[in-house]
Every structure is written in structure tokens, then in C-alpha cells.
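Grab a pencil and open the viewer. Try each exercise yourself before you read its solution.

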Amino acid sequence: MLTEKEKMLQGLAHQPYENELTTLRQANRERLFDYNYVLRPSQKAEKQALLQQILGKADETTKINSPFHCDYGRFIEVGKHFYANANCIILDNGGVTIGDNVMFGPNVSLYTVNHPLDPSLRAEGWETAKPIVIGNNVWVCGSIVILGGVTIGDNVVIAAGSVVTKDIPANSLAMGNPCRVVRAITEQDRLDYQARYFDDSLS
């Protein structure tokens, strides 16, 4: 018979307030409190060590500005050079996998969890969760929501204020609510940026 945690990670309806899941969330809240409100910004080594305890996979290149909030932490895996600005929220019930060289602007929220539309089932506490996968070299701008079940390909840029409800293919600029692909990102974008912003000595 599956435990409630196993059901959650398999995308099945589960009861999140049973003992095991409740205990995991409470332990994570304690670590997050220390990370966000006890350790000072100058205590970089201590904050980095604690962050690596919070997340399921991280390393010394992982940077997340406080305040940061997540449900479990252990179901979040990030690649090298992951950066998240302040007020990042990750409800990682369904698992979150993030590639290398990914940047989050401020107020980015990832919601893997969902609740029933039926009010009686919702009142009984049932929920489900779907994973979120983000590829390499992705820039998620500020104030963005990404919903469970979404996969974002490599080299994608999501414009500020977007709500991502469907997969975004690699090498795309996407924006809007709901988020949609506007165009491909190409070599011309690099050339245009250099022409507009680089000093002549750098071009």
C-alpha cells in the first residue's frame, strides 16, 4: 500500500496533513526560518550550508536571496549557477528540476500542487501534484507563476508578469497570461544587444 508521500510523488490524490508529510514540512519551515530571519547576509558560509540542507540537490554555486519559501525543499533539484532573487516561492510537492545557469527574477512562484474543483473533496483535504521541469540557460523574469506539469526548454526567456500553464519549447521568448511563445531567440539577439549596449572596446 502506498504512503501518502509516495502517492504525492506519483501524482495521485493524497492527504498532505498526515503525519509523515506534516513532519517534513514542519522541519523544513524551521530551516527556512533560520535561513530567512536568523542568519545575517554576512554569514554567507552558514547560509550556503543551510541552503544545501534545504534543497534536494544544490551546490556552492546556488544562490537564493531571502526571503525564500518552499513546502518541502527536498523535492527541489537545481543545477550549477542557479540564482533566485527575493520572494521566490516553490511549492515542490510534485518535484521541481532546474538545469544549469538558470536565473529567477523577484517574486517568481512555482506551484506543483493542485486542489479539487469539487468543494466537498477540497474540504476533505485532498490534493494532487505534478512536476515542473526547467532546462538550462533559462531566464524567468520577475513576478511570474509557473504551474505544475509544465516543462520549459533550454535557453528560454519568460517575460515579466507571465503565467505559464503549458510547455515552452527551447530557444523561445514567451510572455503573457496565459503565457505563449512570441518568437524564437536567435543569434541576431546577441548581435543587437552588443551593438546597442557594448562599449566599442568590447565588441
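Below are five exercises, each with a worked solution. Keep in mind that this is a predicted model, where local features need pLDDT of at least 70 and side-chain atom pairs count only at pLDDT 80 or more, while totals for chains, interfaces and linings use all residues. Residues are numbered from 1 along each chain as its sequence is written, and side-chain values use heavy atoms, with hydrogens and water left out.

**Exercise 1.** Find which residues of helix H3 (residues 44-54) are buried, and work out where they sit around the helix axis.

Solution. Start with the terms: helices (H or I, at least four residues) and strands (E, at least two) are DSSP runs, numbered from the N terminus. Buried means under 20% relative accessible area, exposed means over 50%, and partly exposed is in between (1.4 Å probe, protein chains only).
- Step 1: the buried residues of H3 are Lys47, Gln48, Leu50, Leu51 and Ile54.
- Step 2: look down the axis of H3; the buried residues fall within an arc of 165 degrees (taken from the directions from the helix axis to the C-beta atoms), so they line one face of the helix.
- Step 3: flip to the other side of H3, and you'll meet Ala45 and Gln53, which are exposed.
- Step 4: check the neighbours. The buried residues of H3 pack against helix H2 (19-38), S1 and S2, with contact meaning heavy atoms within 4.5 Å.

**Exercise 2.** Walk along strand S5 (residues 88-91) and sort its side chains by face.

Solution.
- Step 1: recall the general pattern. In a regular strand the side chains alternate between the two faces of the sheet.
- Step 2: in S5, Cys88 and Ile90 point to one face and are buried, while Ile89 and Leu91 point to the other and aren't buried.
- Step 3: find the partners; two strands pair if DSSP finds at least two bridges between them. S2 and S5 pair in the parallel sense over three bridges, and Cys70 stands opposite Ile90.
- Step 4: S5 also pairs with strand S8 (residues 109-111), in the parallel sense over three bridges. There, Leu91 has Tyr111 as its bridge partner.

**Exercise 3.** How many disulfides does the structure hold?

Solution. A disulfide is a pair of cysteine sulfur atoms within 2.5 Å.
- Step 1: the count comes out at zero.
- Step 2: try Cys70, which is in no disulfide; the nearest cysteine sulfur, in Cys88, is 8.6 Å away. Cys70 is buried, at 6% relative accessibility.
- Step 3: try Cys179. The closest cysteine sulfur belongs to Cys141 and is 10 Å off, which is too far for a bond. Cys179 counts as buried too, at 10% relative accessibility.

**Exercise 4.** Which residue does a cis peptide bond join to Pro67, and which one to Pro178?

Solution.
- Step 1: the bond from Ser66 to Pro67 is cis, with omega near 0 degrees. Pro67 lies in the loop between strand S1 (63-64) and strand S2 (68-70).
- Step 2: Asn177 is joined to Pro178 by a cis peptide bond, with omega about 0 degrees. You'll find Pro178 in the loop between strand S17 (172-175) and strand S18 (180-184).

**Exercise 5.** Where do Asn101 and Asn137 lie?

Solution.
- Step 1: Asn101 is in the loop between strand S6 (96-98) and strand S7 (103-104). Its phi is positive, about 55 degrees, although Asn101 isn't a glycine. At 39% relative accessibility, Asn101 is partly exposed.
- Step 2: Asn137 is in the loop between strand S11 (132-134) and strand S12 (139-140). Asn137 has a positive phi of about 60 degrees, and it isn't a glycine either. Asn137 is partly exposed, with a relative accessible area of 39%.
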